[in-house]
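Student: Can you walk me through this one? I'd like to start with the surface, then go on to the contacts.

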Amino acid sequence: MPDLLNEPVEAPKSDVLGEPPVHRDAARQQDVFEDPPKSSSKSSSVKKAASSEMFGDDDDDEDLFKEPPKVVTKKPQPSGPPVDVFTEVKSDVKVKPQVKDDPTDLFAEEALTAPAPKPSAGSSSSRTNGVHSEEQDLFSEVRSNLHTALRGISHSVSLFFSVSFFHIKLEEEESEDKFDLNISITNPEKVGDGMNAYMAYKVSTQTSLTMFRSKTFTVRRRFSDFLGLFEKLSEKHSQNGYLIPPPPEKSILGMTKVKVGKEDPSSAEFVERRRAALERYLQRVVSHPSLLQDPDVREFLEKEELPRAVSTQALSGAGFLKMLNKATDAVSKMTIKMNEQDVWFDEKIQDVENEEQHLRKLHVMVESLVNHRKELSGNTAVFAKSVAMLGSSEDNTALSRALSQLAEVEDRIEQLHQEQASNDFFTFSELLADYIRLLGAVRGCFDQRMKAWQRWQDAENMLQKKREAEAKLLWANKPDKLQQAKDEITEWEAKVTQYEREFERISATVRKEVIRFDKEKARDFNRQVIKYLESLLHSQQQLIKYWDAFLPEAKAIV
Amino acid sequence: MMSNLDINFFFEDFRLNAYILNVDLQTDATLQVDISDALSERDKVKFTVHTKSTLPNFKQNEFSVVRQHEEFIWLHDSFVENEEYAGYIIPPSPPRPDFDASREKLQKLGEGEGSMTKEEFTKMKQELEAEYLAIFKKTVAMHEVFLCRVAAHPVLRKDLNFHVFLEYNQDLSVRGKNKKEKLEDFFKNVVKSADGVLVAGVKDVDDFFEHEKTFLLEYHNRVKDSSAKSDRMIRSHKSAADDINRIASTLYTLGTQDSTDLCKFFLKVSELFEKTRKIEARVAADEDLKLADLLKYYLRESQAAKDLLYRRGRALVDYENANKALDKARAKNKDVLQAETTQQVCCQKFEKISESAKQELIDFKTRRVAAFRKNLVELAELELKHAKGNLQLLQSCLGVLKGDT
């Protein structure tokens with residue numbers, strides 16, 4: 001068997017190496033798909049495995065795998081199943097050509113795709129798996145070389161196919177989880193006294209997911225616990241390019257007022273604002289399929305007592321360290337000039353920055369609207385009282401009654417304005433604030449990707465240096481140091497490959513995350529703005545009711 | 001620039017304002033006065049006063065003259081200073097046309113032109129123009145109302161100065177008061193208010209007037225309060241409408257620049273906000289017209305009524321003083337005739353004022369009630385109309401947005 005496989009490897013290698021540059025277009029693919037008769041049963045199994053590989057890999061690699069089976073087995077093949085496989089998967093592929101993924105990271109992908117339900121790509125035999133892995137080992141070296149050589153040319157097209165398969169599966173998982181986990185945050189209660197007091201929130205979860213111990217459970221958490229969760233998730237996942245939803249900001253002023261115990265409406269509003277923001281934060285965290293799998297998240301939702309997260313305190317050592325890190329990051333970001341291969345990222349970051357800028361402007365305006373409406377509400381109340389006084393001093397009874405009715409109408413309208421201002425705030429303004437923070441997080445993802453690129457470039461430079469050193473040694477003819485130099489070169493070559501793979505992976509993740517984010521953003525905005533408009537609608541209906549009631553009174557004046 | 005703008009004037013709306021007084025302009029064919037045109041120049045407004053009359057006093061049946069604000073004030077002051085009219089409520093003079101606020105905003109807009117986009121600039125300019133037009137319409141309405149009230153008053157309409165005002169083709173050469181005169185006025189007012197307090201302290205024999213005195217005092221103060229508060233309320237309302245306008249623009253920009261599915265959404269919502277804010281601005285403008293202006297007008301009229309009561313009170317005090325002087329003279333048997341004539345004069349004056357004052361105050365009440373009724377009904381109707389308009393807009397927009405998703 002190995003002989004059979006080994007033999008053709010050489011030939012197709014040259015064939016493939018020669019061919020792919022010529023046959024890069026879809027037409028070639030057509031050929032491939034239409035050539036199944038030449039493939040063997042083995043090839044069908046290979047194709048089956050290769051279907052995952054095909055879509056997890058370059059165009060070229062796809063061709064590569066097609067070729068060897070063809071040559072290997074010379075057995076004629078019925079055109080049944082193989083065709084189906086390709087056409088079927090191909091159509092699937094056409095449906096979702098969005099996410100970019102790491103083509104070379106096939107092995108990781110294989111592991112992922114293996115446990116998940118395989119798409120209806122035909123039947124698979126146990127033999128498939130065995131053959132599959134063997135062939136993989138054989139071709140890995142070939143593939144990696146090929147890949148390095150051809151990457152720059154067909155990057156996007158290849159990744160297009162690679163990821164769509166992955167994406168299909170992810171979608172399935174997402175929709176599974178979306179509706180089975182409901183989180184609500186209620187009952188903010190003040191615990192303790194004086195400056196050590198804090199607000200404890202009740203976090204209730206309702207779920208049918210099996211990874212949790214029970215179906216409904218409640219825990220009490222404080223604000224620093226939420227921040228702690230964010231810190232932990234950031235540490236673990238942000239370097240992989242995941243978009244970690246940011247929590248609401250700390251507010252020393254707001255919390256101090258609460259601690260001091262002022263029972264005024266502004267501190268009540270502050271607590272409500274924070275409660276709603278924390279709820280939205282948690283909902284975003286659990287709707288992220290990968291973050292949901294994180295044990296920290298589960299612990300946060302389930303565990304009775306959490307250790308106090310001290311690193312989140314503003315004036316702690318950890319706090320200062322974080323600030324320092326942020327500063328150095330900002331400086332290094334300015335100095336890194338990335339050689340962007342993929343135009344998608346360039347455009348996207350531009351869009352993100354523009355959008356953030358506009359949302360900030362919009363947010364300022366909505367806040368101004370909230371303030372003016374509050375002012376209007378206050379002035380209307382004052383006016384209502386004044387009209388009531390006027391009515392009482394008016395000696396014509398009908399007019400007097402009408403004026404006091406007017407005062408009542410204005411009073412109710414004041415209530416309406418008050419509610420509307422609150423709606424303006426919670427539904428619209430907070431939505432904008434959330435997304436400004438989230439867009440910042442998106443930019444963070446892009447920054448992580450840039451860092452990964454930098455690491456890779458640095459490794460490549462180092463490799464270059466080592467090679468130069470080796471060349472120098474060769475020329476200077478110092479055989480003793482040569483071995484060491486060769487070892488270093490091997491070491492750095494491996495690093496380069498690893499970092500490059502990481503970069504590809506993070507690029508794919510970032511891309512996927514951004515697309516998911518965009519979708520969620522569209523959904524969120526849609527939902528919230530519709531809710532806001534409905535509240536405006538309700539206000540107008542109430543207004544109509546009030547003025548309708550007043551009109552006959554006005555007409556009754558004689 | 002705007003200050004040289006010749007705003008040709010649409011008086012559909014402003015005609016309505018003449019009815020603040022419930023003065024029926026059509027039935028009295030003997031004398032009809034209106035302002036048919038107005039021109040806004042750099043720092044003054046020129047009103048074209050148009051008269052239609054069948055009275056023999058006038059040379060023609062229909063004629064027009066151009067008058068400025070100062071000439072209206074002159075006319076009003078001539079009424080106030082005329083002793084003959086002491087027993088009447090003198091229609092309050094129209095307030096000075098005040099475009100300062102608008103002009104300031106225009107200046108700021110001009111300065112900030114470089115920092116905003118072309119669309120924003122045009123939008124703000126349009127807003128400012130609309131505001132300017134609204135203020136302009138209002139000031140024309142106030143001037144017209146004054147003239148109509150005078151024309152409707154059975155005695156004042158016969159005043160010679162009024163006829164000169166209406167007919168004299170050329171400039172009346174009425175200059176604004178210079179500093180010295182303004183200072184004199186100021187002192188006169190101080191003296192008057194001090195006197196007013198004294199006079200008001202004198203208890204009146206007549207119940208009707210006593211009641212009116214207390215009523216008017218309280219009413220006037222409360223109307224003043226309501227007027228100020230309604231102004232503030234309407235200003236907040238306008239600010240909120242302005243905010244919605246700016247939000248609409250930003251949403252529009254977001255919509256045009258966004259590359260995801262959200263762009264259509266943003267554009268639709270921006271469009272909605274544009275329309276609702278126009279309605280909100282109309283609501284604020286209508287509240288201004290029907291409520292704030294009404295209160296402001298009755299603030300001034302109640303002041304004029306108070307002035308009438310003051311004059312009567314003054315005449316009463318003079319009469320009582322003359323009586324006392326007469327008694328004293330009779331007691332001392334010195335200058336009795338003089339005292340008697342003085343007393344006679346005072347008595348006549350007092351009685352004349354009392355008689356007409358009573359009627360005037362009753363008329364004032366009727367007018368007031370009718371004006372409030374009309375304006376409150378119109379206010380309610382307009383609020384309903386606008387709320388329904390808003391409702392419809394929101395419903396159709398929501399329908400589209402929900403249908404899309």
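Tutor: A patch is built from residues with over 30% relative accessible area and no salt bridge, and nonpolar side chains are joined within 5 Å. Keep in mind that this is a predicted model.

Student: OK, which residues make a nonpolar surface patch on chain B?

Tutor: Leu183(B), Phe186(B), Phe187(B) and Val190(B) make one of about 420 Å². Leu183(B) sits in helix α6 of chain B, residues 179-201.

Student: Switching to the interface. What area is buried between chain A and chain B?

Tutor: About 5,300 Å². Carbon and sulfur atoms give 73% of that. Chain A puts 57 residues into the contact, and chain B puts in 60 residues.

Student: And how many salt bridges between chain A and chain B?

Tutor: There are 5 between these chains. Over all chains the count is 59. One of the bridges pairs Lys402(B) with Glu534(A), with the closest N and O atoms 2.4 Å apart. Lys402(B) is in helix α9 of chain B and Glu534(A) is in helix α16 of chain A, so this pair joins two chains.

Student: Are Lys402(B) and Glu534(A) buried or exposed?

Tutor: Partly exposed: Lys402(B) has 41% relative accessibility, and Glu534(A) has 33%. Glu381(B) also bridges to Lys555(A), at 3.9 Å between the closest N and O atoms.

Student: Now within chain B. Where do Asp288(B) and Lys238(B) lie?

Tutor: They meet in a salt bridge, 3.6 Å from N to O. Asp288(B) lies in helix α8 and Lys238(B) in helix α7, so the pair ties together parts 50 residues apart in sequence. Asp288(B) is buried at 10%, while Lys238(B) is partly exposed at 37%.

Student: What about Lys278(B) and Glu274(B), how are they placed in helix α8?

Tutor: They are 4 residues apart, which means about one helical turn between them. They form a salt bridge at 3.7 Å between the closest N and O atoms. Lys278(B) is partly exposed at 49%, and Glu274(B) is buried at 17%.

Student: Which residues are linked in a network of salt bridges in chain A?

Tutor: Among them are Glu249(A), Arg273(A), Glu430(A), Asp434(A) and Arg527(A).

Student: Last topic, cysteines. How many disulfides?

Tutor: The count is 0 over all chains.

Student: Why no bond for Cys397(B)?

Tutor: Its sulfur is too far away, because the closest cysteine sulfur, in Cys263(B), is 15 Å off. A disulfide needs the two sulfurs within 2.5 Å. Cys397(B) is buried at 3% relative accessible area. Cys148(B) is buried too, at 3%.

Technical notes
Residues numbered from 1 in each chain as written. Chains lettered and ligands numbered in written order. Predicted model: local features only at pLDDT ≥ 70, side-chain atom pairs only at ≥ 80, totals over all residues. Heavy atoms only, no water. Buried < 20%, exposed > 50% of the residue type's maximum accessible area, 1.4 Å probe, protein only. Patch = residues over 30% accessible without salt bridge, like charges linked within 9 Å, V, L, I, M, F, W, Y side chains within 5 Å. Areas by Shrake-Rupley, 256 points an atom, 1.4 Å probe, with all protein chains shown as cover. Salt bridge = Lys/Arg side-chain N within 4 Å of Asp/Glu carboxyl O. Contact = heavy atoms within 4.5 Å. Buried area = accessible area lost by both parts, 1.4 Å probe.
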